[in-house]
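The following paragraphs lead through the fold, the nonpolar cores and the salt bridges of one protein model.

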Amino acid sequence: ARTASGWRPDPRGVPCSAPVGVVTVSASYGAGGSEIGPAVAAALGLPFVDRAVPASVARKLDVPLDQAERRDETTDRGLWRVISSMALVPEMAGAGPLAYNTFTDEHAFREKTEEVLHEIADSGGVVLGRAAAIVLAGRADALHVRLDGPEEVRITRAVARTGKPEAEIRRALRSNDAARAAYVRNFYRTDPAEARHYHLVIDTTAISWTAAADLVV
């Protein structure tokens, strides 16, 4: 099999018929989650479910970054205001779009999101983000992966890859990483970067994204 990006899985890797329930992928900004995730899904013959935290959360996050990077009640309330004011949750595994504003509180939103994640795991898939490694931590048929790397290297490579100004990339990185961390801390009171949540942690600034995808497969 070959993906749209031209990546070919190592034939020595896990065959597509392997009994893989779900692969969860947690990725910091610029670590290749949106590229490595689909490559892994194609190699394993599984659907890919995108969107960790919608990009608009990062854009709309009205909590100062220094607060978003730590856990406190102010951050919690601020993040929920952003989430609850948004129009739609991106469609997940055919579950259909879910309106944020239909949820009256965080408990209902979290419960529905976890329900959808378990449905995805039951049918098989590769999930990017949404704290899936934490939600599905008790499943024996899950592989949890974290993609990360030094911030400055991620910035440099994103500039080279996109051609955008460094200042713009730096702002996007700080905003997106803070929003994703705040999402996990708000709902699960933990740090998504902690290695204990994952079976495999890969520095995707040290090896190629092709090699990283092959490692996961």
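The protein contains nine helices and seven strands, taken as DSSP runs (H or I of at least four residues for helices, E of at least two for strands) and numbered from the N terminus. This is a predicted model, in which local features need pLDDT of at least 70 and side-chain atom pairs count only at pLDDT 80 or more, whereas totals for chains, interfaces and linings use all residues. Residues are numbered from 1 along each chain as its sequence is written, and side-chain values use heavy atoms, with hydrogens and water left out.

Of the 217 residues, 48% are buried, that is, under 20% relative accessible area, with exposed meaning over 50% and partly exposed in between (1.4 Å probe, protein chains only). The largest nonpolar core (buried Ala, Val, Leu, Ile, Met, Phe, Trp, Tyr and Cys residues joined through side-chain atoms within 4.5 Å) has 20 residues, of which Val23, Val40, Val126 and Leu147 touch the most other members. Two or more residues each come from strands S1 (22-27), S5 (125-128) and S6 (142-148) and from helices H1 (33-44) and H9 (209-216). H1 gives the most, with six residues. Another core, of 16 residues, lies apart from it and includes Val127 and Tyr183.

The structure also holds nine salt bridges, each a side-chain nitrogen of Lys or Arg within 4 Å of a carboxyl oxygen of Asp or Glu. Glu152 pairs with Arg170, with the closest N and O atoms 2.8 Å apart. This pair links helix H7 (residues 151-162) to helix H8 (residues 166-188). Glu152 is partly exposed at 42% relative accessibility, and Arg170 is partly exposed at 27%.
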